[in-house]
Every structure is written in structure tokens, then in C-alpha cells.
Amino acid sequence: MRILSWNVQGLGGSLCRRYRGRLRQDLRKCIVGGDIDMMLIQEHHLRDRRISRYGCFLPGNWEMFWSAAYGPMASQGGVCIAVQDKYKSWITQKQVIIPGRAQYMVFQDEVNSWGLLNVYAPNHVSARIKFWQDILQALPQVDNWCVAGDFNMLEDPADRCGGSTLTIFGQELANWERLSLSLRISDAWHLHSFSKERESLSFSRSDRRLAGANLSRIDRFYVSDSFADKGGSIKIMSGIVFSDHALVMVVFHEEKLVSHASFKIPGYVLIDDMYASDVRMLWEQAMHGEGSWPNKVTDALQMIFAFFHGCAREN
């Protein structure tokens with residue numbers, strides 16, 4: 001499965017109209033040549049009535065889920081999730097969390113349910129603090145998550161070249177960690193199970209105001225542990241002329257996802273073989289308990305900690 005994320009910086013402006021032919025060529029190259037299955041769009045700048053006239057601008061048959069732009073004259077933001085028609089029957093739920101900024105779809109395949117969250121985060125820290133909190137409170141509980149979009153913040157200084165090296169901190173960091181821990185997501189770019197595809201760029205955004213001297217990777221994919229166990233590849237693609245954001249594509253291997261009911265301890269967790277069965281039993285016991293997923297994880301970690309503490313005292 002191939003999923004594409006792209007901040008288009010306006011589908012209705014004069015710049016887009018000037019390059020509309022090139023836009024369609026680029027999209028056709030990515031979607032038809034790259035066999036894209038799903039696409040997440042940020043900052044399309046289209047209001048409701050423009051969306052109704054715009055129709056499906058992607059080649060082929062797609063299920064389009066739009067959230068219109070906001071602000072004065074509806075000229076800011078706007079997000080969209082596009083899904084190839086062959087996956088339409090998998091969709092069980094779709095909702096806009098924050099108009100023009102955050103939306104999700106939930107899918108049910110042959111094994112389990114999984115969610116696709118599309119975000120266009122605010123530029124200001126104070127707004128993002130509430131943004132991450134609102135998303136956490138609105139999301140349903142599903143087996144796995146893939147989160148993508150324009151995050152407008154950095155977790156790792158290595159994700160910027162030039163300009164400020166400031167990364168997420170304070171209350172925003174606390175709210176972001178609550179969200180990422182609850183969804184069990186990690187940045188696919190930094191996971192060993194995801195290889196960088198050939199000819200991938202290192203950064204997804206180039207600041208035009210600084211003549212491209214300020215590079216960053218604010219357009220990212222986060223995947224839950226089961227997606228991480230499957231592995232795949234990730235690529236930042238060049239060649240778009242009117243947006244200073246590059247397309248980011250993630251490719252997942254075809255193995256089935258692991259559901260909560262058949263959870264296995266990730267390979268990067270090192271546990272002595274003599275304790276593995278006990279730890280697995282404690283984890284499964286907590287997973288079958290009452291409460292939300294974050295509470296179950298907390299209970300499981302407390303039980304495992306108490307188990308190892310008892311083993312240490314006996315030795």
C-alpha cells in the first residue's frame with residue numbers, strides 16, 4: 001500500500017491556475033506511475049462551493065473527503081483525504097475534527113481496524129497546544145494508526161538545516177507525547193524498518209523567502225507499532241513547481257497488521273527468554289481488562305515493573 005501526503009499551498013489561486021497542467025502531469029506521474037492508493041492533502045484553500053465545482057481532480061476513481069478552508073474569505077488551510085475506489089468498501093467512519101485542519105478515516109480490512117489521520121497543524125505554539133489535545137480527545141479507538149501531514153513543528157534538530165534549531169518543548173511537547181503514546185506512533189523517517197527510497201530528498205520544505213536556505217522536514221508520516229513491525233520505505237519527492245513543500249510517500253509491506261488481540265512484543269524490546277512468556281501473559285492480561293487503551297498500557301507497564309522488581313528481590 002502506498003500513501004502520499006502533500007501540502008499543495010492552494011488549489012484555487014492564480015499560481016495554481018498558471019501551473020494546472022503541470023500539476024495534473026505531476027499527479028498522474030505519482031498516482032498512475034507510482035500506483036498510489038491513498039492521498040492526504042493539506043492547505044488546498046478551497047471553500048465549500050469551490051469544492052463542489054472542483055470535483056475529483058485526481059486521475060482515476062477516488063473517494064474524496066474534503067474539509068473546506070477557513071478564515072477571512074475562506075482562504076486558509078483546508079484538508080482532504082482521497083482514497084482509491086477499491087478501498088471504498090473498507091471505510092467504516094470518517095470525521096472532521098478541526099475544520100480545515102484535521103480529519104480522519106477509519107478502515108476495516110480482513111484482520112482489524114486502522115485509522116488514517118490527516119493534519120495541518122497551526123504555525124503558533126499556543127494554537128498547537130490545544131490542537132494536539134483536541135485531536136486526542138476526538139479520535140476513536142482503533143487497532144493501528146497512520147498519521148501524516150504538515151506538523152509545523154520539529155521533534156529532532158536533525159530535521160532542520162539552516163535557521164532556528166528550536167524543537168518542540170513545554171506544554172506542547174507534553175500534549176504531543178500524550179497523543180503519540182496513546183496512538184503508539186513513531187516517525188517513520190527515523191525507524192530502521194523503513195528504508196529511504198533511492199533519490200529521496202532529505203527535507204520536505206524549502207523556505208522561498210530565504211531563497212531556499214532554510215530547509216526542514218515538517219511534512220512527516222507517523223506509524224503505530226504494528227505498521228512499524230511490517231516495515232516498508234519512505235521517500236520525499238521533488239519536482240513540484242508551485243508549492244515549497246515536497247510530496248512525501250510511504251510504502252507499507254503487504255503483510256497483515258497485528259491486532260491488539262494477537263499483540264506481540266516488538267522486536268526492539270529486549271527481554272530474556274526465561275521471562276518472555278511471563279511478560280507476555282501480564283501484557284495480555286492488562287489488554288483484556290477494563291478502560292481505555294492508554295490506561296491498559298499503564299496497567300501493563302506497572303504489572304511488568306512489579307514483576308521484574310520481584311525477580312530482582314528474589315535474586
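Is lysine 94 buried, partly exposed or exposed? In this predicted model, lysine 94 has a relative accessible area of 38%, so it is classed as partly exposed. Its partner in a salt bridge is glutamate 63, and the closest N and O atoms of the two residues are 3.1 Å apart. Glutamate 63 belongs to strand β3 (residues 62–67) and lysine 94 to strand β5 (residues 91–98), so the contact ties together parts that are 31 residues apart in sequence. Glutamate 63 has a relative accessible area of 16% and is therefore buried, since the limit for that class is under 20%.

Strand β3 leads to the sheet of which it forms one edge. Seven strands make up an open sheet with mixed pairing, in the order β3-β4-β2-β1-β16-β15-β11. Strands β3 and β11 are the edge strands, each of them pairing on one side only. From one strand to the next, the twist averages 15°.

Within this order, strand β1 (residues 2–7) runs antiparallel to β16, and four bridges join the two. Here arginine 2 stands opposite valine 251 of β16. On the way towards β11, strand β16 (residues 247–252) also pairs with β15, again in the antiparallel sense, over six bridges. One residue of β15, isoleucine 234, has valine 250 of β16 as its bridge partner. The pairing of β15 with strand β11 (residues 194–196) is parallel and comprises three bridges. Isoleucine 234 appears here as well, standing opposite lysine 196.

Strand β15 (residues 232–237) deserves a closer look. Six of its six residues are buried, so the strand is largely enclosed by the rest of the structure. In a regular strand, side chains alternate between the two faces of the sheet. In β15, Gly232, Ile234 and Ile236 point one way, while Ser233, Lys235 and Met237 point the other way, and all are buried.

The salt bridges offer a second route through the model, which holds nine of them. One lies within a helix: lysine 130 and aspartate 134 approach to 2.7 Å between their closest N and O atoms. Both residues are in helix α4 (residues 125–138), where they are four residues apart, about one turn of the helix. Aspartate 134 has a relative accessibility of 23% and so counts as partly exposed.

Another salt bridge, with an N to O distance of 4.0 Å, is formed by the side chains of arginine 220 and aspartate 187. Arginine 220 is part of strand β14 (residues 219–224) and aspartate 187 of strand β10 (residues 185–187), so this pair ties together parts that are 33 residues apart in sequence. Arginine 220 is buried, because its relative accessibility is 1%. Aspartate 187 is likewise buried, at 8%. Through salt bridges that share partners, Asp159, Asp187, Arg217 and Arg220 are joined into one network.

A final stop is serine 113, a residue of strand β7 (residues 113–120). Its relative accessible area is 14%, so serine 113 is buried. Leaving aside residues up to four places away in sequence, serine 113 touches Phe107, Gln108, Val142, Asp143 and Asn144.

How values were computed
Residues numbered from 1 in each chain as written. Predicted model: local features only at pLDDT ≥ 70, side-chain atom pairs only at ≥ 80, totals over all residues. Heavy atoms only, no water. Buried < 20%, exposed > 50% of the residue type's maximum accessible area, 1.4 Å probe, protein only. Pairing = 2+ DSSP bridges. Contact = heavy atoms within 4.5 Å. Axes fitted to C-alpha atoms, helices over the stretch in contact; angles between N-to-C directions.
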